[in-house]
Amino acid sequence: MIKVNLLPAEFRKVDGTPVVRFVTLVVGVFAAACAMSVWGYIHFGMLAEVRTRRADLEEELVGLSKLAERSQALLAEYKEYQKRRDTIEDIDEGRVLWSRKLDQLADLIHNKGDTKLHQVWLSGIRTGGSRGGGSPGVLTFSGWSGGEELARLSDFNKSLRQDEEFFADFQAIDPPRGERVSFSDGRVPELAWRFTIGLDLRDPSTREKQ
């Protein structure tokens, strides 16, 4: 049977919203509200925190970059000084500091003022070219050994050989020999041995680094 509602529209009963549509609408509104809440939390909460953290990291990166540049500069400076040091050491290995050698020789001759072992004074000292044997040069000095005994000159020669600091730059020394002379000037000593001693230099490349 077909029912026809002949009442005007304003007098008709209003139908309610279907449940499915209402639920769908409510769920949609709730989902939209949740999405807006999440977006607001992320945008105004987490995003602001991330941006702050990013700014802090960028600032830290700038500081670390400056430190890295300074470190690189210091490393380059260190390498330059190390290169200079190696050059100086190479130069030092290839030369003899004669002022130090002469000071050491003077100390050996003086022997702290003790003349019991030997009594030596020099008349001349010079350096010269190689005498052979792989030596790059020679140190030669002449003088007198006071006293009648040749053994005193031998003791002086031994002192030169046994002094490690002085003899470190030499590889060989002439044996003790000389000519006996006497003095008539009334001074002490009256007898002496005139000598000339040569010391062959060691090849600088064979010396240990000090």
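How many of the 210 residues in the protein chain are buried? Buried residues make up 22% of them, where buried means under 20% relative accessible area, exposed means over 50% and partly exposed lies in between, using a 1.4 Å probe and protein chains only.

Before the close-ups, a word on the model. This is a predicted model, in which local features need pLDDT of at least 70 and side-chain atom pairs count only at pLDDT 80 or more, while totals for chains, interfaces and linings use all residues. Residues are numbered from 1 along each chain as its sequence is written, and side-chain values use heavy atoms, with hydrogens and water left out.

**View 1. The whole chain, with four helices and five strands.** Read along the sequence, the elements follow the pattern α-α-β-β-α-α-β-β-β. Helices (H or I, at least four residues) and strands (E, at least two) are DSSP runs, numbered from the N terminus. The chain exposes about 16,000 Å², and carbon and sulfur atoms supply 57% of that area; accessible areas come from the Shrake-Rupley method with a 1.4 Å probe, and for residues only the protein chains shown count as cover. Among contacts between residues at least 6 apart in sequence, 64% join residues at least 24 apart. A contact means heavy atoms within 4.5 Å.

**View 2. Two salt bridges along helix H1, Arg-54 with Glu-58 and Glu-80 with Arg-84.** A salt bridge here is a side-chain nitrogen of Lys or Arg within 4 Å of a carboxyl oxygen of Asp or Glu, and by this rule the count comes to seven. Side chains of opposite charge can pair when their charged atoms come close. Arg-54 and Glu-58 meet at 3.1 Å, N to O. They are four residues apart in helix H1 (residues 19-93), so about one helical turn separates them. Arg-54 is exposed, with a relative accessible area of 57%, whereas Glu-58 is partly exposed at 42%. Further along, Glu-80 and Arg-84 meet at 3.4 Å, N to O. This pair is also four residues apart in H1, and therefore separated by about one helical turn. Glu-80 is partly exposed at 36% relative accessible area, and Arg-84 is partly exposed at 45%.

**View 3. A salt bridge between distant parts of the chain, Glu-148 with Arg-180.** The two side chains meet at 2.9 Å, N to O. Glu-148 sits in the loop between strand S2 (138-146) and helix H3 (150-162), and Arg-180 in strand S4 (residues 178-182), 32 residues apart. Glu-148 is partly exposed at 46% relative accessibility, and Arg-180 is partly exposed at 43%. Elsewhere, Arg-131, Asp-174 and Asp-200 are linked in a network of salt bridges.

**View 4. Ser-123 in strand S1 and Thr-140 in strand S2.** Strand S1 spans residues 120-128. Leaving aside neighbours within four places in sequence, Ser-123 is in contact with Ser-142, Gly-143 and Trp-144. Ser-123 and Thr-196 are 73 residues apart in sequence, yet 9.8 Å apart in space, C-alpha to C-alpha. Thr-140 is buried, at 11% relative accessibility. Not counting residues up to four places away in sequence, Thr-140 touches Gly-124, Ile-125, Arg-126, Thr-196, Ile-197 and Gly-198.

**View 5. The second largest pocket, with a volume of about 160 Å³.** Gln-104, Asp-107, Leu-108, Asn-111, Lys-112, Leu-117, His-118, Ser-159, Asp-163 and Glu-165 line this pocket. Helix H2 (residues 98-110) gives the largest share of the lining, three residues. By type, the lining divides into two nonpolar, four polar and four charged residues. Ala, Val, Leu, Ile, Met, Phe, Trp, Tyr, Cys and Pro count as nonpolar, Asp, Glu, Lys and Arg as charged, and the others, Gly among them, as polar. On a 1 Å grid over the protein atoms alone, a pocket is an open set of points where a 1.4 Å probe fits, with protein on both sides within 12 Å along at least five of seven lines, and lining residues have an atom within 4 Å of a point. Grid points are joined across faces, edges and corners, and the volume is the space filled by probe spheres set on the points.

**View 6. Backbone details at Asn-111, Lys-112 and Pro-189.** Most residues other than glycine have a negative phi, and most peptide bonds are trans. Asn-111, although not a glycine, has a positive phi of about 55°, and the phi of Lys-112 is near 55°. Asn-111 is found in the loop between H2 and S1, as is Lys-112. Asn-111 is partly exposed at 24% relative accessibility, while Lys-112 is exposed at 81%. The peptide bond from Val-188 to Pro-189 is cis, with omega near 5°; Pro-189 lies in the loop between S4 and strand S5 (191-201).
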